[in-house]
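Visitor: Please take me closely through one helix in this model and what packs around it. After that, I would like to see how the picture extends into the surrounding interior.

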Amino acid sequence: MYTYRKRTTDVNMDNQNVEARFSLDCVEQSGIGISGFSDEILLNILTHVPSHDLVLSVGRVCKKLKTLSLDKSLTNNVRLSKEYLASDDAVKQVVKELASEIQTLSMSGCYWLSGSTIDQLTRCKGLIKLDLTGCRLTSVRLSKILSSLQSLRSLAIDINAGFDSNQLSSESKATLSHVSELKQTLYTPSYGVVPCCTNLERLLLYFEIYDLTREGATICCQLMVGQSSILHYQNLQVFYVRLAPGEVNQTLVGLYLAVFSMRVPEHLRTFVISVPGNNPGSWPAAKSLLEGMAKNGALEALQLPKTWVDNAALQHILKHSVPSHLNFSRCSAFGNHLIHSVLNSVKDLRRLVSLNLSGCVHSLFTDCTWKAEEDIDCHAIEALVSSCPNLKHLNLSAAHYHGTPGSEEHLCATLAKLKSLRSLALPVCAVSDGFKSTDHAARETTSLLPSPLMLGLKKSTRVGLQTYKVNTEQADSESSCSFRVLLKGNPFLEELELTGSNFSSAMPRYEPAIRKEQAACRWAGQIGDSEVAALGGLAFLRRLTLAQLPGFLKGTGLVQVAMKCRDLQMLSLANLGMLKNMAYMPALIEALPHCKQLKDLRLEQPYINASARFFQALSQCHALRRLCIISRNGTFQSDAVMSFMDSCRDVIVCHMFMGGSLVACKSLQKALQDSFGTQRPALNVVIYPLLHEDLALVIRDMPLLHLDEITLFKSRVAEDPPHLWW
């Protein structure tokens with residue numbers, strides 16, 4: 001049975017999504033055959049069917065579907081990315097039957113496919129765009145593929161240890177000379193194929209190099225002797241760099257940037273350098289680069305490391321720009337002055353659709369007053385909102401805001417004016433009305449804590465699943481007034497992140513796991529169950545992140561979200577309520593069966609009891625693909641995990657970093673891999689003690705796709721320019 005689910009946008013109806021569902025089986029039962037539908041309708045349905053199913057299944061149903069499954073609208077653009085059930089044999093068959101038709105092929109993240117399957121791409125002579133990010137690729141294999149693809153203009157590849165550009169044939173280099181778009185992920189110090197690409201217009205670089213080898217030896221950043229270092233940037237329009245932490249990555253990016261110190265490309269429109277952490281290092285030629293960009297004129301997207309940001313140079317660059325994306329995350333040294341620079345410098349901000357100011361405001365609190373010395377400047381944000389009516393993605397996380405409840409100048413009231421907003425990241429305290437009344441606080445405390453006199457006399461809780469019924473009217477009256485204004489003004493939000501200003505994940509990438517959490521902002525403690533319940537009003541919500549909400553106690557709001565946000569696909573919950581007792585687990589167990597579209601679930605809490613009841617509830621999330629649990633003192637039941645994986649046949653990622661012994665973790669991991677690895681070619685199981693000293697070595701073996709998208713916690717709103725890659 002194929003189910004069709006389409007979301008379209010009508011600008012004249014406030015971008016309200018229209019959903020249509022029907023089953024071909026139901027149509028057959030009503031007496032209408034497939035032939036009764038127009039080709040246009042059937043083609044629309046088939047665009048939602050995985051490519052390997054089109055070839056192996058749909059095309060064999062009847063002659064009409066066979067013909068339609070070979071329509072150019074379906075065969076010219078083939079996307080195998082995240083088609084986790086596509087085996088080597090299935091992909092080989094797709095390539096064999098569609099080789100002459102495929103013009104765009106995305107295999108990004110297909111880490112499970114064998115080298116022999118990748119070799120089949122030499123059949124696709126007409127390929128114009130090819131994405132092999134995350135695939136098994138050697139320099140010899142790449143040379144053979146490129147030698148056959150003379151029409152190639154866009155390429156994405158990984159550069160792994162052992163890559164040697166001298167192994168590229170003259171034919172493959174000829175192909176690279178015509179490539180105008182290159183996305184290159186580096187796992188070893190190298191220029192990769194960049195020197196061979198003499199007509200680059202778009203260059204995306206991802207530096208994922210570790211400072212140390214597995215044996216603990218220091219990785220040298222010296223590039224291979226004889227490797228060309230001539231980088232051809234003269235036609236460059238897009239230059240994007242994202243670095244993983246590490247000195248080697250910072251040193252290597254300096255070599256890629258050396259060309260800019262001599263000449264800035266005349267047509268450069270996007271310049272993004274994303275450096276993690278609070279110490280991004282410096283680059284001596286940064287000043288000359290900024291001056292060159294200011295002379296060349298309009299930039300459409302800009303992000304700079306905070307040590308590069310010079311207020312005068314920045315204003316000069318923005319003065320001639322008409323930006324659609326600006327990212328100044330972690331530029332805390334400039335604080336609210338950065339917002340004023342944007343307002344005073346850019347002549348027309350109506351084209352700005354993506355803005356990231358995460359961590360730009362440096363806030364300090366005293367233990368006595370908890371009053372910010374510097375806070376989010378609501379007046380500056382109000383001016384920004386007035387100037388940017390088309391803003392769709394806004395990130396104001398990693399800061400503090402303590403506003404006046406009910407005020408028209410409150411940050412929530414200001415943001416409610418952004419009618420085009422689709423994704424938003426805020427600190428938890430920014431949606432708070434401050435401290436609740438004494439009477440309300442007393443009622444809430446009384447409802448949670450039994451009287452000391454009754455302890456020992458209270459009837460024990462009956463074994464079974466507790467059911468939580470939320471009084472909607474009471475929840476509305478008790479929830480933050482400012483938060484309700486925000487949600488009412490932005491009913492079409494698709495992504496929302498509410499993260500405590502002091503939150504830090506216990507799952508870092510390189511360092512040992514964090515053993516102690518920082519205290520949350522006291523204003524954040526006023527955001528709890530009623531506010532989360534109010535999120536149920538966001539009917540189009542797809543991605544939700546809640547982190548460090550100490551006031552989130554019973555978890556009743558999750559049930560409302562699960563029942564009303566029917567399109568929810570990603571849910572990330574971290575450090576909610578009391579850290580030593582995951583009191584919201586019963587409510588989560590009740591909520592999960594309602595999450596019919598949930599694909600990714602990430603849970604992080606110091607104490608998680610992943611019991612049989614939890615996994616039974618989770619097994620009712622039939623769309624689930626990836627599960628990640630982070631809990632340094634957490635426990636799990638191996639039988640329950642095995643039963644869950646057996647029930648949910650489409651789950652391909654199970655990452656559990658919890659407590660327990662190394663032996664128990666490895667035993668469960670092996671059992672899962674042995675039992676389900678054959679039927680699920682993309683299965684990636686990692687069960688490991690969070691506090692183990694070798695955790696970093698385990699992490700480096702995980703597919704970057706899953707590590708970046710679900711395992712590691714980070715804010716993703718307005719992270720990259722829209723439409724960065726096809």
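Guide: In this predicted model, the buried residues of helix α11 pack against α10, β10 (270-274) and α12 (311-319). Here buried means under 20% relative accessible area, exposed over 50% and partly exposed in between, with a 1.4 Å probe and protein chains only, while contact means heavy atoms within 4.5 Å. Helices (H or I, at least four residues) and strands (E, at least two) are DSSP runs, numbered from the N terminus. Residues are numbered from 1 along each chain as its sequence is written, and side-chain values use heavy atoms, with hydrogens and water left out. Because the model is predicted, local features need pLDDT of at least 70 and side-chain atom pairs count only at pLDDT 80 or more, whereas totals for chains, interfaces and linings use all residues.

Helix α11 itself covers residues 286-296, and its buried residues are Ala 286, Leu 289, Leu 290, Gly 292, Met 293 and Ala 294. After α11 comes Gly 297, which has a positive phi, near 105°.

One of the elements packed against α11, helix α10, also leads into the interior: with residues 247-262, α10 gives the largest nonpolar core its largest share, 7 residues. A nonpolar core is a set of buried Ala, Val, Leu, Ile, Met, Phe, Trp, Tyr and Cys residues joined through side-chain atoms within 4.5 Å. The largest such core has 191 residues, of which Met 107, Phe 239, Phe 271, Leu 415 and Phe 614 touch the most other members. Setting aside neighbours within four places in sequence, Met 107 has contacts that include Leu 80, Val 91, Leu 113, Ile 118 and Cys 135. A second core, separate from this one, has 16 residues, among them Ala 513, Val 686, Ile 699 and Leu 712.

Helix α8 makes a useful companion to α11. Since 7 of the 10 residues of α8 (residues 139-148) are buried, α8 is largely enclosed by the rest of the structure. Those buried residues are Ser 139, Arg 141, Leu 142, Ser 143, Ile 145, Leu 146 and Ser 148, and their cover includes α7 (115-119), β5 (129-131), β6 (154-159) and α9 (170-176).

As for cysteines, a search of the whole structure finds 0 disulfides, a disulfide being a pair of cysteine sulfur atoms within 2.5 Å. Cys 648, for instance, is in no disulfide, and the nearest cysteine sulfur, that of Cys 621, is 7.2 Å away. Cys 648 is nonetheless buried, with a relative accessible area of 5%.
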